[in-house]
Amino acid sequence: MDSNISKVTAHISHNEALIFERSRPGRAGFMLPPLDVPESALTEIIPAQFQREDDLAGMPEVSEVDVIRHFTRISTWNYSIDLGLYPLGSCTMKYNSRLNEKVARIAGFANLHPLASEAEAQGALEVIYELQQHLAEITGLPGISLQPAACAHGEMTGVMIIRAFIDARDGKEQSANRRTMLIPDSAHGTNPASAHLSGFTVKTIRSTAEGLTDLDHLRELCSHGDVAGLMLTNPNTLGLFERNIQEICRIVHDAGGLVYMDGANMNALVGVARPGDMGVDVIHLNLHKTFSTPHGGGGPGSGPCCCTKELAPFLPVPRVVRVASATDASTPDSRLQTPDSSVFRLDFDFPQSIGRVKAFLGNYGMMLRALAYVLTHGYDGLREATEAAVLNARYIAHGLISDYEKPFEAAPMHEVVFTDKRQARKGVHTLDIAKRLIDYGFHPMTIYFPLIVSGAMLIEPTESVGRQELDQFIEAMRSIAREAIEDPELVLNAPHTTRIGRLDEAAAARKPVLRWKPAQVDSELRTIASV
Ligand SMILES: Cc1ncc(COP(=O)(O)O)c(C=O)c1O
């Protein structure tokens, strides 16, 4: 490996036993004051049937310094967005300003009880209202609910709105014949799941050789009078802008259906193009990708749903609305009114609403981060971020084209897909390339997704990476391509710089060892590591 390319540097890297294995009888990380009350037998406190016999449930006996050093050491083996490029396609793993985290922790917001009255929550409601206004402007769709808790949840909310709209428009009897949801074969798996959960039958639209929705197939599927809608991701999961989007919307509308856009890839469009202007009826956004909350890690997400004026009556309740009159007897405490004497209220009075989809008003911390993100960027800054995200993906596309197979000719948007076609001739596959990338100090890209591309490597650099690191990444990938020809074994056995080498991922998935057990742990872990 050329040391100029590698980002990896020498590092103290001890072999680390599990915390359970570090346990020594009698060690403790705490001291309690002497007992100043009479000692009671355990049976007097905990009924016998609830007592365990397995000696402290196997808790490790360790000192404070054992614990601190153990967890600090293993924390240094992690890769994170704060360490460098995290090119996980379809995940928008961008660095977000610490300021947005600070805003989410402002005590008045963070400690506000979710059952606080409208009067006590005016500031929090104003944040929601203001964010709603910005997201409606960004999408070009005026109806909005911030309730959904994630992308898939926003999808489900959106298709439920479509269903409620069609039921109201056609009448229950007629609309029962309109239960087909069209979804391209490149879609994220959550799309068909959301449609199915909402009572639709899914029909799949083929992609063309160019990686776009096949218009002829769409027309054919729309000719049976049963189409309720289309769920389209744009840019699609291949990173390509569906340039026929207006024609696609026209075909679906002419067939009596509605267009749902999976907005998970809005990092490629914010501030540049608005789905509402393209003919889209309803969309969700991923605040946990595009608008500052980090994606992944199992934390909460937020998938606001935006829609046209016609669909707005069906959005979830309650809605956060601004009421102009301060003289209305039902308005909250007048001391809490805004300078123009308006107040913010929760409005439940939407009889056609699909109802509540989430407790309270949604995941509020994500909304604070998103508003901070929007306001600190400004609309010009949002546009610049989008342009940088697309430029970076195109820079990588250009940098790797000589060494890797790029299955679609079109210039990518925020992410670019390559395949292992050339390396496979030497027996080196996508998984091997991804593993070898770890040796160069990078988190691997998304692999084997989208499913319609054999050996896919989906690379999404995002806007938060500079030219220097883009060049390092390109050089690392090109170096791996050379290794695949000159020394395939090196790539096939990667990673070499990590504590544990290549794992048998199938065995790890099929026979996971999720709990430490004294007798068997060692042999089971060793079996997985050595296969
Ligand atoms: C295009 C697309 N749709 C749906 C999802 C699912 O998102 P979530 O995990 O928030 O439900 C993702 C995830 O990133 C995505 O990229």
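**Close-up views of a predicted model**

**Figure 1. Packing of helices α6 and α8 in the predicted model.** Helix α6 (residues 151–170) packs against helix α8 (residues 190–197) at an angle of about 40 degrees, and the two axes lie 9 Å apart. Angles from 35 up to 65 degrees fall outside the roughly parallel and roughly perpendicular classes, and α6 and α8 are therefore oblique to each other. Their crossing is right-handed. On the α6 side, the contact is made by Ala152, Glu155, Met156 and Val159, which meet Thr190, Asn191, Ser194, Ala195 and Leu197 of α8. By residue class, this contact comprises five nonpolar, three polar and one charged.

**Figure 2. Surroundings of the ligand.** There are 13 residues around the ligand, and Ser90, Cys151, Ala152, Asp262 and His288 come nearest. A backbone N or O atom of cysteine 151 is 3.0 Å from an oxygen atom of the ligand. The side chain of aspartate 262 places a polar atom 2.6 Å from a nitrogen atom of the ligand. In histidine 288, an N or O atom of the side chain lies 2.7 Å from an oxygen atom of the ligand.

**Figure 3. Backbone of serine 90.** Serine 90 belongs to the loop between α2 (64–75) and α3 (98–104). Although serine 90 is not a glycine, its phi is positive, at about 75 degrees. Ser90 also appears in the view of the ligand, as one of the residues that come nearest.

**Figure 4. Packing of helices α12 and α15.** Two packed helices are described by the angle between their axes and the distance between the axes. For helix α12 (residues 364–400) and helix α15 (residues 467–486), the angle is about 30 degrees and the axes are 10 Å apart. Angles under 35 degrees count as roughly parallel, and α12 and α15 are therefore roughly parallel to each other. The crossing of α12 past α15 is right-handed. In this contact, Asn392, Tyr395, Ile396, Gly399 and Leu400 of α12 meet Arg467, Leu470, Asp471, Phe473, Ile474, Met477 and Arg478 of α15. Seven nonpolar, two polar and three charged residues make up the contact of α12 with α15.

**Figure 5. Cis peptide bonds before proline 318 and proline 450.** The peptide bond from valine 317 to proline 318 is cis, and its omega is near -5 degrees. Proline 318 lies in the loop between β7 (305–307) and β8 (319–323). Phenylalanine 449 and proline 450 are likewise joined by a cis peptide bond, with omega about 0 degrees. The loop between β11 (446–447) and β12 (457–459) contains proline 450.

Terms used
Residues are numbered from 1 along each chain as its sequence is written. This is a predicted model: local features need pLDDT of at least 70, side-chain atom pairs count only at pLDDT 80 or more; totals for chains, interfaces and linings use all residues. Side-chain values use heavy atoms; hydrogens and water are left out. Axes are lines fitted to C-alpha atoms, for helices over the stretch in contact, and angles run from 0 to 180 degrees between N-to-C directions. Helices (H or I, at least four residues) and strands (E, at least two) are DSSP runs, numbered from the N terminus. Angles under 35 degrees count as roughly parallel, over 145 as roughly antiparallel, 65 to 115 as roughly perpendicular and the rest as oblique. A crossing is left-handed if the near helix is turned anticlockwise from the far one by less than a right angle, and right-handed if clockwise. Contact means heavy atoms within 4.5 Å. Ala, Val, Leu, Ile, Met, Phe, Trp, Tyr, Cys and Pro count as nonpolar, Asp, Glu, Lys and Arg as charged, and the others, Gly among them, as polar. A residue is near a molecule or strand if one of its heavy atoms lies within 4 Å of it. A polar contact is a pair of N or O atoms within 3.5 Å; within protein, one must be able to donate a hydrogen and the other to accept it, and residues adjacent in sequence count only if both atoms are side-chain atoms.
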